[in-house]
Amino acid sequence: MTTAAAAHEDAALVRDSAVHRRVYTDPEVFAREQERIFRRVWLYVAHESEVPRPGDFVVTRLGPDEVVLVRQPDASLALLHNRCAHRGARVVGEASGCARRFHCPYHSWTYRLDGTLLGVPLPAGYGEGFVEGAGGMARVPRVASYRGFVFASHAGQGEELPQFLGGLASALDNMVDRSPSGALTRAGGRLRMEYRGNWKLFMENATDLVHPGFVHESSVAAARESSRPGGGGGATGQTLDMLLSNGLAVPQWDDVPLHAFPNGHVYMGGFYRRGIIAPQREDAVYARYRAALAARHGEARTTEILGVDRFNNLIWPGLSVNSRFAVLRQVTPLDVDRSVITSTCFRFDGAPDEMFDLTLQFLNTASSPASMVASDDLEVFERCQRGLSDRSVEWIDMSRGMGRDRHAPRGVVEAPGTSEVAVRNQMAAWQRWMGAGP
Ligand code: FES
Ligand SMILES: [Fe+2]
């Protein structure tokens, strides 16, 4: 099949209110996704605070490839393919560190921090012109930082990063604005959860507000039992408040607004209303935090920043941002039926330490491999993947709430929380990149 014919066929897998199951199950569609989406679109790679000094590097992924983000001597950033120009060995073995040069372990070719070739043992032994023409560790053509968040694209040309982020740049803005010093630091480790399912299942579920009352029923029930007088304890404090929050009735979920933007991005409103997870807390820690923020921004602007009450902010194709809790979750496709979710978190520099405790607790309760919430979601992703391998029904409905979509200016669509507007929006972006393309 020609490329154009394949693009045409892939685009036909999405209709206004339904999507074909092959979008989740066909290895050939997956291979084309890697080319047409993950080798072209802007993807998050790392945060600038991970590479503060010249020579600092962090190994990460950009779509299908492993890459190394390196701080240069002039403070700029380079993103290098982690592949030796000689026989292709993986050059950098450490997850992160600080280097003066990179050194391939196989035949000892060495590279400068910008990836150019520095030295080759026995250069005369290679065929004429080979070493001179070997290049170096190849550089990813487009790397851009948005307020400290580093994104990159394998494509040499295309939309600039701020235009691509569009209405969802506000999620990154809000996370940075919540820092009393105006800076964030990546802190703590990384949590990884692998599941046997397509990557889209994670993104679609992140703003599916019909599922929590069902999928997370057991932890809601346990939290309710725990919070009864004489209920026996168990979950307490922040964990208890978080678990109970998933127990809204369906009409209440409808009051959590969804906002869908061009390029497949979407955000949902917040739904935490209790204790220290409520957006408007009143306690000594929060008073100190607020005062530190007001010293930077003034009272009015601080009220505005803290008043942004959103939960998951999804930057298509694979990043979920929680600005209030300073958490990022990213889904990386490994195969058509295998994906990994990586969660990282940040300190609001200059904020009381307790604010970081809040972040860690949020991450552990909602997104760690031991989380009672995340394990429910992973189970459902795997069930969807298994079910979708069954061919008895080819088309999957995504029409929920279609009649209630409200079209706002600049291509924004607003809908009540139980709408599948986010799925439709993500699939529209998928269809555009897989089809004729932007
Ligand atoms: S493969 Fe790297 S030096 Fe030979
Ligand atoms: Fe869930």
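In this predicted model, strand E14 (residues 266-269) and strand E15 (residues 310-315) run antiparallel and are joined by three bridges. One of the residue pairs here is Tyr267 with Asn313, the latter sitting in E15. Tyr267 also has a bridge partner in the other direction, namely His259. That second link belongs to the pairing of E14 with strand E13 (residues 258-260), again antiparallel and again over three bridges. So much for the strands themselves; the turn is worth a look too. E13 and E14 make a hairpin with five residues between the strands, and in it Asn263 takes a positive phi near 75°.

Another set of strands turns up earlier in the chain. E7, E8 and E9 line up in that order as an open, antiparallel sheet of three strands. The edges are taken by strand E7 (102-103) and strand E9 (117-119); each has a single partner strand, so one side of each is left without a neighbour in the sheet. Between E7 and strand E8 (residues 110-111) there are two bridges, in the antiparallel sense. Phe102 finds its bridge partner in E8, and that partner is Tyr111.

On the helical side, consider helix H3, which covers residues 27-38. Its buried residues are Phe30, Glu33, Ile37 and Phe38. Around the helix axis these four cover an arc of only 70°, which puts them on the same side of H3. The general background is simple: an α-helix has 3.6 residues a turn, so residues three or four places apart point the same way. As for what lies over that buried side, the cover includes strand E2 (43-47), strand E17 (327-335) and helix H16 (421-434). Both strands and a helix are thus among the elements that cover the buried residues of H3.

Stepping back to the whole protein, the count comes to 16 helices and 21 strands. The C-alpha trace spans about 80 × 55 × 45 Å along its principal axes. How does that sit with the overall packing? For 438 residues, a compact globule would have a radius of gyration near 22 Å, and the 23 Å found for the protein agrees with this. Of those 438 residues, 41% count as buried. Contacts tell something about how the chain is put together as well: among those with a separation of 6 or more, 64% are between residues 24 or more positions apart.

Conventions. Residues numbered from 1 in each chain as written. Chains lettered and ligands numbered in written order. Predicted model: local features only at pLDDT ≥ 70, side-chain atom pairs only at ≥ 80, totals over all residues. Buried ≥ 20, exposed ≤ 12 C-beta atoms within 10 Å, placed from the backbone. Arc of directions from axis to C-beta. Contact = placed C-beta atoms within 7 Å. Pairing = 2+ DSSP bridges. Rg over C-alpha atoms; globule rule 2.2 N^0.38 Å.
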